Amino acid sequence: MLKDTPATVYSEIVVNLTTTGEPRRSSSNDSSYDIIAEFLEKVEEYERNKENCKPGTQFNLGKGVIQQYGINRFKRQALVAVNRANFLTRIWKTAPQEVLDSEYLFYTQVRNFVEGDHDIFAAGNCYDYREYKGLYLFCPFAYRTENGTINVKDLSIEYDYLGNTSEWFYEAKKHAANIDNFNITYGTAQWRYNDTSQSIPEMDTSITVTYDDGHWSIPYFDCGGGFIWMMTYTVPFFGYRNGTFKFKGTSGIDIDLQKVDIDQCPNEPGEELNVFANSARCKNATTKCVPISGLGFRRGSYKCVCKDGFYFPNTKDLNKYYNGSEIEIRYREKIYGESDYYDKHFECLPCADGCDVCEDDSPCVITLNWSQRSVVLAVSALIMCCIPALIWFTVQYRDIKVLKAASPVLLRIILLGAFLLYCPLIVSYFEASVLTCCLRFWFREIGFSISYGALLLKTWRISVVFRVRSAQRIKISDTDLIKRLIIISLLFAVYSVARTVAGTPRVVQGKHVSGLKAFQCSSDWWDHSAAIAELLFLLWGIRLCIVVRKAPSEFNESRFISWAIYNETLLSLFLNVSMIFLQDPFPANPDLLYLVIFIHSNLTTTVTLAFLFGSKAYLVYKYRGKNNEVQHTTMMSKGGGSRHMYGNKQTTMNTDTLTSNANSFVDKYVEKSANDGESESLLEKDIQEEFRRLYTQLETLKQRNMKIGNRHLQHKLSAMTEAAQKDDSPDESRTGTPNMNGKRVIINLDDFKESTTL
């Protein structure tokens, strides 16, 4: 520092650094320029102008750094001074005079201490007034020079340290004034008597100092000594006169603070006090401070590196950080209005989305193929638009038998479940999140329970009626099935609630084969349990399908339902197995997973709808306006009816005549069922058709038995016919038929429907 620099600037710095370990704002020129920055700037200025300094130690840092650098870091070096002090106390008590008069001995000691530890800048043995050979002051002092050599001299010639401005000497002398502050050690000593023996042991008593008896000075600029910023540890040593110990001088070491790094970075929790902490100029939004060792006691001993999630703008630079020294200079220019360079630079750029760390703006997360996903979504939306059309179809043609037999209400419920099964495609279109993962699970489970629950209950109703062995009519209405369906859906809903609350789906990170991250919904034992429950539910449906495989079914609906259940079981099993290999720990591709979900949905849900509604739409539009044909098209009628049951002799009777009584019976049954106010179920239609078939067969069998069991009846009828022909006119006789009451009579047993009295 220059000679004309006011001492008040340093006195203000001393007060602030003494009272706190954190940077504080200065009340002088600029409120934004903190006291640490001002002080470090003055330290550098004083270092540059050390030739013009004033001798002394009045310019110091205050007590804030003593604990950090003195007590903790340099205790090992301070113990060297303690050992030397105890050595000097003993020789000044018992050593012969010729030893005490040897100045070379004392110069050699301090040199050896500096040579033995590179952290020790200087070592001194400074005597009090007139304590050595009657000299005013005497202080053997060894220190390191700028070129690395060690110089030894008498410091007292250049520096009068008796004043209270020399804290390192004054504090040690004041502490030594009370002898009771120190320990007294007792022992014996045996000196060599001759070549073969030792002398009689003598009592040896001495005062002993410890590390705690020493004093760390406030860091100061040693003007006149080493011309550096340093801090000194001194401990007193004693002379022995008139049977008592008396303060004689100090043993001390100097630590060169220019070789001690300043840590301007923020204190971490639990770290020791750092007076320079949090004085770095890194821009904390994107960078963090990292101390640099070896730069010494100067500001800017740090670098600003990019935080995680940010990268250095100059990607080609080998040193990807901002140097603290340059930052300090630019910050000073900003404070004094010289430049705004600091505000426009020293920032890092954000990484691409999903990158924890990065070297540039390259993506770390696999980029979704939005064009492919959009096409898949558009196709899915187009398919979903067909569901309202199918609902309209079930309403518009609800009175046609092909739909009435299939229960239009249940068909609409199946369509509702199918709509929910398509919804995961919409949810999965977006990037994976906790919300989309939850919605995807809910739509799948509720849609599955509604759609396939209705299909299985329809099959269950057929199986119950088909297996009945009594003549009593079994009636299971659509309302009964809907009640059971609600229970099934509630069970699935309860499981979904438990899964959402207790095991909320998470977004997990996978790794693509390209090395990029991929995010997808987690798959845990909740999902596996749901898949197992669905599989068991479908296996129950397969069992029902096997039971009803031979049951009469109108329009083959039970067969289509069976195909749909078989299809869903196989594909769901395949999908669950494939998902295991498409997810962790194997490479994951969100676009591939989305495509798999799309294919699965269409191969199951879409195919199911095609099975159920395709055949119905075909029959409705093919026989539009021809309700009679539609109503009488059954699986049984396709088998050939009853006309060919007796293969040897073809029956020639009129089918309409044979079944007139059966039709009248069944029509009454149908009319009664219609009056119940409920839609005719598939089983009721099958029973009606079965009744017609059985009645027709019974009538045919009865007529044939009449001919076989009463062969004479045919001869009598033939004779009656011949007798009648004789009485007829020639024209009438040519007809070959008898007349009764003026009318021609045709007798043919094949036309008889019931026994009559001839």
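## Notes on the cores, the rings and the cysteines

1. A small cysteine makes a good place to start: Cys 355 counts as buried, at 9% relative accessibility. Please keep in mind that this is a predicted model, and every value below is computed from it. Cys 355 is joined by a disulfide to Cys 364, with an S to S distance of 2.0 Å. Cys 364 is buried as well, its relative accessible area being 16%, which falls under the 20% limit for that class. The torsion about the S-S bond of Cys 355 and Cys 364 is about 110°, so this disulfide is right-handed.

2. How many disulfides does the structure hold? There are seven, and a second one worth opening in your viewer joins Cys 126 to Cys 139, with 1.8 Å from S to S. This pair links distant parts of the chain, 13 residues apart: Cys 126 is in strand 1 (residues 122–127), while Cys 139 is in the loop between strand 1 and strand 2 (140–144). Both ends are buried, Cys 126 with a relative accessible area of 3% and Cys 139 with 0%.

3. A further disulfide is formed by Cys 437 and Cys 521, whose sulfur atoms lie 1.9 Å apart. The link of Cys 437 and Cys 521 is left-handed, with -90° about the S-S bond. Helix 14 (residues 434–466) holds Cys 437 and strand 16 (residues 517–521) holds Cys 521, so the pair ties together parts that are 84 residues apart in sequence. Cys 437 and Cys 521 are both buried.

4. Why is Cys 385 not bonded to the cysteine with the closest sulfur? That sulfur belongs to Cys 386 and lies 7.1 Å from the sulfur of Cys 385, too far for a bond; the cut-off for a disulfide is 2.5 Å. Cys 385 counts as exposed, at 54% relative accessibility. Elsewhere, Cys 545 is buried, with a relative accessible area of 1%.

5. On to the interior. The largest nonpolar core has 62 residues, and those with the most contacts inside it are Trp 92, Tyr 127, Tyr 161, Trp 216 and Tyr 233. Another core, of 52 residues, lies apart from it and includes Ala 418, Trp 460, Leu 609 and Leu 612.

6. Tyr 127 deserves a look of its own. Leaving aside residues up to four places away in sequence, Tyr 127 touches a set that includes Leu 88, Trp 92, Phe 106, Tyr 132, Phe 138, Tyr 161, Phe 169 and Phe 237. Lys 248 and Gly 249 are also among the residues that Tyr 127 touches. Which aromatic cluster includes Tyr 127? One cluster is formed by Trp 92, Phe 106, Tyr 107, Tyr 127, Tyr 132, Phe 138 and Phe 237.

7. Across the whole structure, a search finds 42 aromatic pairs. In one of them, the rings of Tyr 429 and Phe 430 have their centres 5.3 Å apart and their planes at 85°, so the pair is edge-to-face. Tyr 429 counts as buried, at 15% relative accessibility. Phe 492 and Phe 537 also form an edge-to-face pair, at 6.2 Å centre to centre with 75° between the planes. Phe 492 is in helix 15 (residues 478–502) and Phe 537 in helix 16 (residues 525–547), so the pair ties together parts that are 45 residues apart in sequence. Both Phe 492 and Phe 537 are buried.

8. Two arginines sit over aromatic rings. Arg 330 lies over the face of Tyr 341, at 4.2 Å from the ring centre. The charged end of Arg 373 is placed over the ring of Trp 370, 5.7 Å from its centre.

9. Among the helices, helix 17 (residues 557–582) is the place of Thr 569. Is Thr 569 buried or exposed? At 7% relative accessibility, Thr 569 counts as buried. Beyond residues up to four places away in sequence, Thr 569 touches Leu 535, Leu 538 and Ile 542.

10. Last, a sheet. Three strands form an open sheet with antiparallel pairing, in the order 10-11-13. Strand 10 (287–291) and strand 13 (322–323) are at the edges, each with a single partner strand, so one side of each is left without a neighbour in the sheet. Strand 11 (residues 302–306) pairs with strand 13 in the antiparallel sense over two bridges. Opposite Asn 323 of strand 13 stands Lys 303.

Technical notes
Residues numbered from 1 in each chain as written. Predicted model: local features only at pLDDT ≥ 70, side-chain atom pairs only at ≥ 80, totals over all residues. Heavy atoms only, no water. Core = buried A, V, L, I, M, F, W, Y, C linked by side-chain atoms within 4.5 Å. Buried < 20%, exposed > 50% of the residue type's maximum accessible area, 1.4 Å probe, protein only. Contact = heavy atoms within 4.5 Å. Pairing = 2+ DSSP bridges. Helix = DSSP H or I, 4+ residues; strand = E, 2+ residues; numbered from the N terminus. Phe/Tyr/Trp six-rings, centres within 6.5 Å; stacked < 30°, edge-to-face > 60°. Lys NZ or Arg CZ within 6 Å of the ring centre and 35° of its normal.
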